[in-house]
Amino acid sequence: MTGEPTDFLYPFIDEKEQDPLALLADLARSARAKAAESLDLRRATVDANAELLTSASAEMARRFGAGGRLFTFGNGGSCTDSATLAALFARPPLGKPLPAWTLAADQAALTALANDVGFALVFARQLIARGRPGDIGVALSTSGNSPNLLTALAEAHRRGMYTVSFAGYAGGAFADNPDVDACFVVRSQSVHRIQEAQGFLGYQLWSAVQRRSEVKRLVC
């Protein structure tokens, strides 16, 4: 395990470290600093996206109320985040379950499309088969530049779906994109912090949709 490039994560761990108590103290300080950084970024991101959260949740609640469905998609860690978001809507800890799926869940479809037509179309082709006007498509990415996500967003937009994207850094190709109706940007250079903040944003979006859906049910 020698020679592993860990300095960028824990610069205080090296071959000269002899005192285990000092090492544990450094690890604890590092964990606290990362937790504080993550909390500050999540708060700042929600504040920066407050207006967009309001408008996006209103449109999503309207579409759910009219029979719309939610499809999420992403790559790598963002794939697992997209699955978590879909599960939050479909199997919420409280409130009404809403129809939501992640497009990475069907292993047969995913591998068949990747093998037969190419990975760039693994999500777009599923939307061609399943998506319809009134539905919602949500893409999650740290860079905002993934070709297969951009292709899927373009297909969703063509099909009359409401398109939502989550990106980090400055938003990448998701930002100011005519195929994207609502783009949530986490302005950070850290993939770890970006994904943590995106997860929190997703929870805020779900919560706002639930509140609007509940108000609508009470009014009706």
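The following legends describe close-up views of a predicted model.

**Figure 1. Overall arrangement of helices and strands in the predicted model.**
The protein contains 7 helices and 5 strands. Along the sequence these elements follow the pattern α-α-β-α-β-α-α-β-α-β-β-α. Of the 220 residues, 41% count as buried. Among contacts with a separation of 6 or more, 68% are made by residues 24 or more positions apart.

**Figure 2. The open sheet, with its strands in the order E2-E1-E3-E4-E5.**
The sheet is formed by 5 strands, and the pairing is parallel. Strand E2 (100-102) and strand E5 are the edge strands, each of which pairs on one side only. Neighbouring strands of this sheet are turned against each other by 15 degrees on average, direction ignored. At the E2 edge, strand E1 (residues 70-74) pairs with E2 in the parallel sense over 3 bridges. Within this pairing, Leu70 of one strand stands opposite Ala100 in E2.

**Figure 3. Strand E4 and its two partners, E3 and E5.**
Strand E4 spans residues 162-168, and 7 of its 7 residues are buried. The side on which Tyr162, Val164, Phe166 and Gly168 point is opposed to that of Thr163, Ser165 and Ala167, and all of these residues are buried. Strand E3 (residues 136-140) pairs with E4 in the parallel sense over 5 bridges. In this pairing Ile136 stands opposite Tyr162 in E4. Strand E5 (residues 182-186) also runs parallel to E4 and is joined to E4 by 5 bridges. Here Ala167 stands opposite Val185 in E5. Two residues named above can thus be placed in both views of the strand: Tyr162 points one way from E4 and Ala167 the other way.

**Figure 4. The β-α-β unit built from E3, helix H6 and E4.**
Helix H6 comprises residues 147-158, and together with E3 and E4 it makes a right-handed β-α-β unit. The helix lies across E1, E3 and E4. With respect to E4, H6 runs at about 160 degrees. The two strands of the unit, E3 and E4, are themselves paired in the parallel sense.

**Figure 5. The aromatic pair of Phe71 and Trp101.**
A search of the whole structure finds 5 aromatic pairs. One of them is formed by Phe71 and Trp101, whose rings are stacked at 5.7 Å centre to centre with 25 degrees between the planes. The pair links distant parts of the chain, since Phe71 belongs to strand E1 and Trp101 to strand E2, 30 residues apart. Phe71 is classed as buried because its relative accessible area is 0%, a value under the 20% limit. Trp101 counts as partly exposed because its relative accessibility is 36%, which lies between the limits of 20% and 50%.

**Figure 6. Arginine side chains over aromatic rings, at Trp101 and Phe200.**
Arg130 lies over the face of Trp101, at 5.4 Å from the ring centre. Trp101 is also the stacked partner of Phe71. In the second case, the charged end of Arg42 sits over the ring of Phe200, 5.8 Å from the centre of that ring.

**Figure 7. The surroundings of Thr45 in helix H1.**
Helix H1 covers residues 20-48 and includes Thr45. This threonine counts as buried because its relative accessibility is 5%, under the 20% limit. When neighbours within four places in sequence are left aside, Thr45 is in contact with Val185, Val186, Ala197 and Leu201. Among these partners, Val185 is the residue in E5 that stands opposite Ala167.

**Figure 8. Two residues with positive phi, Tyr169 and Asp176, in the loop between E4 and E5.**
Tyr169 is placed in the loop between E4 and E5. Its phi is near 55 degrees, a positive value in a residue other than glycine. Asp176 lies in the loop between E4 and E5, and has a positive phi of about 55 degrees although it is not a glycine. Tyr169 is partly exposed, with a relative accessible area of 27%. Asp176 is classed as exposed because its relative accessible area is 83%, over the 50% limit.

Note on methods
Residues numbered from 1 in each chain as written. Predicted model: local features only at pLDDT ≥ 70, side-chain atom pairs only at ≥ 80, totals over all residues. Heavy atoms only, no water. Buried < 20%, exposed > 50% of the residue type's maximum accessible area, 1.4 Å probe, protein only. Helix = DSSP H or I, 4+ residues; strand = E, 2+ residues; numbered from the N terminus. Pairing = 2+ DSSP bridges. Right-handed = clockwise from strand over helix to strand, strands pointing away. Axes fitted to C-alpha atoms, helices over the stretch in contact; angles between N-to-C directions. Contact = heavy atoms within 4.5 Å. Phe/Tyr/Trp six-rings, centres within 6.5 Å; stacked < 30°, edge-to-face > 60°. Lys NZ or Arg CZ within 6 Å of the ring centre and 35° of its normal.
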